[in-house]
Amino acid sequence: KFEFNPKDGIDNPALSLAEDTDGESVGEPRFYLLSKDSEETFGFCLHEELGCWGHVIRQVELGGLAQRRGLQDGDRLLQVNGQFVDHMDHHRVVQKIKASGNQVLLTVLDGDSYEAAKALGRDLSQMLPADIRPRLCHITRDKSGFGFSVSGPEGVKGTFQLSVRQDGPAERAGVLPGSWLLELNGASVRSYSHAQLARKVRAPSAGGWGTGDGNVTEHPAFPIQLKQSGSKVTLLVASSAVEEFYRLRGLRIMSSLADTSWLPFKVRELHMVKGPAGYGFLLKEDDCSSGATGQFLWDVDAGLPAEQAGMKEGDRLLAVNGESIEGLDHQQTVLRIRACDDQVKLLVIDPAGDEFYQSVGFGDSVWSRP
């Protein structure tokens, strides 16, 4: 890690920059996981500039989060949270970053390499891995079990690989064979030994290794069934390729980066145009099941825009016009809605879905990403 001096540049006498002699050299994409506090900013601006291709990183604050992680003025943004954005409308890309809340994974390419790639007609999306997201999978047990087993090397903490029964509950829930287990019901298993993981499960039972009954084994001969999960279990898993991608870059895989398309309880986007009597709902602040404070939708008037858009009593508000309200208080949220003139898009989730996602430790920003 090099120390940056604004007057002297990078303090590393061994570092030299070689001039590109063939005119066709293109650098490698760089990946940055930015995590900030609610009162912090990410420390950069995203520009769309006349006569300049791409979404341009500008105004990188000296000493700010982006600069500390390595973002540089002139970098071009290629991905936001694993989604390719180079071809997207600039305003939509800005919304994606804002909707990420306090954490965002950015993929960038330095400006010279980006311009060179564009000039050569290269497909920038082909420079990136197809999918770098872990998966959150909610498995409902059937009469034969959960449809997966877990194994790993003895004496190594946090290393648990899944064997998945073909067409079993785990496979139908999106778990890929050979995936690595990262979280069990919202709790990280990274620091668990096999003995510690075994405390989460029952004593050995009949069935044996490979039966797909949701077993955990210190050795294939000693299957142990899942405990405390009842008929359902939620796993954060990553394929070997995804696990290697994050490990090689020193990035931690977190549930906030996960592909959530396999989970039950979908969020809903409500597009409302204000009528003569307003939108027809009240916003109230209350405690969530997790203990945090949330903004909830109540007193939905029959026949008015809110009901017509599909709003239900007790829905919790997650985002306004694509921007997460995570960290905002009641008055700030109201002002954000009122700032939208005569129409607004609200992202909401019903009480059952909210309770489920809070139970597995999800923040609002996960659901508010467009």
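Here are some numbered notes to read alongside the predicted model above.

1. **Start with confidence.** This structure is a predicted model, so a good habit is to look at pLDDT, the predictor's confidence in each residue, from 0 to 100. The mean pLDDT of the protein chain is 80, and 80% of its residues reach 70 or more. Among the elements of the chain, β5 has the highest mean pLDDT, at 96, and strand β2 (residues 9-10) has the lowest, at 38.

2. **Two stretches to treat with care.** Residues 1-23 have pLDDT under 50 throughout, and the model gives them twelve contacts beyond four places in sequence. Residues 201-212 are also below 50; this stretch has 38 contacts in the model beyond near neighbours in sequence. Where pLDDT is low, the predicted coordinates should not be read in detail.

3. **The chain as a whole.** You will find ten helices and 23 strands in the protein chain. Of its 370 residues, 45% count as buried. Take the contacts with a separation of 6 or more: 66% of them are between residues 24 or more positions apart. The accessible surface comes to about 18900 Å², and carbon and sulfur atoms account for 48% of that area.

4. **Helix α3, a nice one to practise on.** Which residues of α3 are buried? In this helix (residues 111-119), they are G111, S113, Y114, A116 and A117. An α-helix has 3.6 residues a turn, so residues three or four places apart point the same way. With that in mind, try finding the buried residues of α3 on the model. What covers them includes β6 (76-80) and β8 (103-109).

5. **The two ends of α3.** At the N-terminal end, D110 acts as a cap: one of its side-chain oxygens lies 3.3 Å from the backbone nitrogen of D112. After the helix comes G121, which has a positive phi, near 75°.

6. **Positive phi without glycine.** Two residues are worth a look here. Q59 has a positive phi of about 50° although it is not a glycine, and it sits in the loop between β5 (56-58) and α1 (65-69). F265 is not a glycine either, yet its phi is positive, at about 60°. F265 belongs to the loop between α6 (240-248) and β18 (268-273). Is F265 buried or exposed? Its relative accessibility is 36%, so it counts as partly exposed.

7. **Salt bridges, and one network.** Side chains of opposite charge can pair when their charged atoms come close. The count for this model comes to 15 salt bridges. One of them joins the side chains of R58 and E49, at 2.7 Å from N to O. E49 counts as partly exposed because its relative accessibility is 24%. R58 and E49 also belong to a network of salt bridges that includes D73.

8. **A salt bridge between distant parts of the sequence.** The side chains of R268 and D315 meet at 2.5 Å, N to O. R268 lies in strand β18 and D315 in the loop between α7 (305-309) and β21 (316-320), so this pair ties together parts that are 47 residues apart in sequence. D315 is buried, at 0% relative accessibility, whereas R268 is partly exposed, with a relative accessible area of 23%.

9. **Another pair to find.** D299 and K284 form a salt bridge through their side chains, at 3.8 Å from N to O. D299 is in the loop between β20 (293-298) and α7, and K284 is in strand β19 (residues 282-287), so the pair ties together parts that are 15 residues apart in sequence. D299 is partly exposed, with a relative accessible area of 36%, and K284 is partly exposed at 38%.

10. **Q295 and its surroundings.** Let's finish with Q295, which is found in strand β20. Why does Q295 count as buried? Its relative accessible area is 3%, and buried means under 20%. Which side chains does it meet through polar contacts? One is the side chain of E285, at 2.9 Å, and another is the side chain of H330, at 2.8 Å. Leaving aside neighbours within four places in sequence, the residues in contact with Q295 include L283, K284, D315, R316, L317 and T333. Two of these names, K284 and D315, should be familiar from the salt bridges.

How values were computed: Residues are numbered from 1 along each chain as its sequence is written. Side-chain values use heavy atoms; hydrogens and water are left out. Helices (H or I, at least four residues) and strands (E, at least two) are DSSP runs, numbered from the N terminus. Buried means under 20% relative accessible area, exposed over 50%, partly exposed in between (1.4 Å probe, protein chains only). Contact means heavy atoms within 4.5 Å. A polar contact is a pair of N or O atoms within 3.5 Å; within protein, one must be able to donate a hydrogen and the other to accept it, and residues adjacent in sequence count only if both atoms are side-chain atoms. Accessible areas come from the Shrake-Rupley method with a 1.4 Å probe; for residues, only the protein chains shown count as cover. A salt bridge is a side-chain nitrogen of Lys or Arg within 4 Å of a carboxyl oxygen of Asp or Glu.
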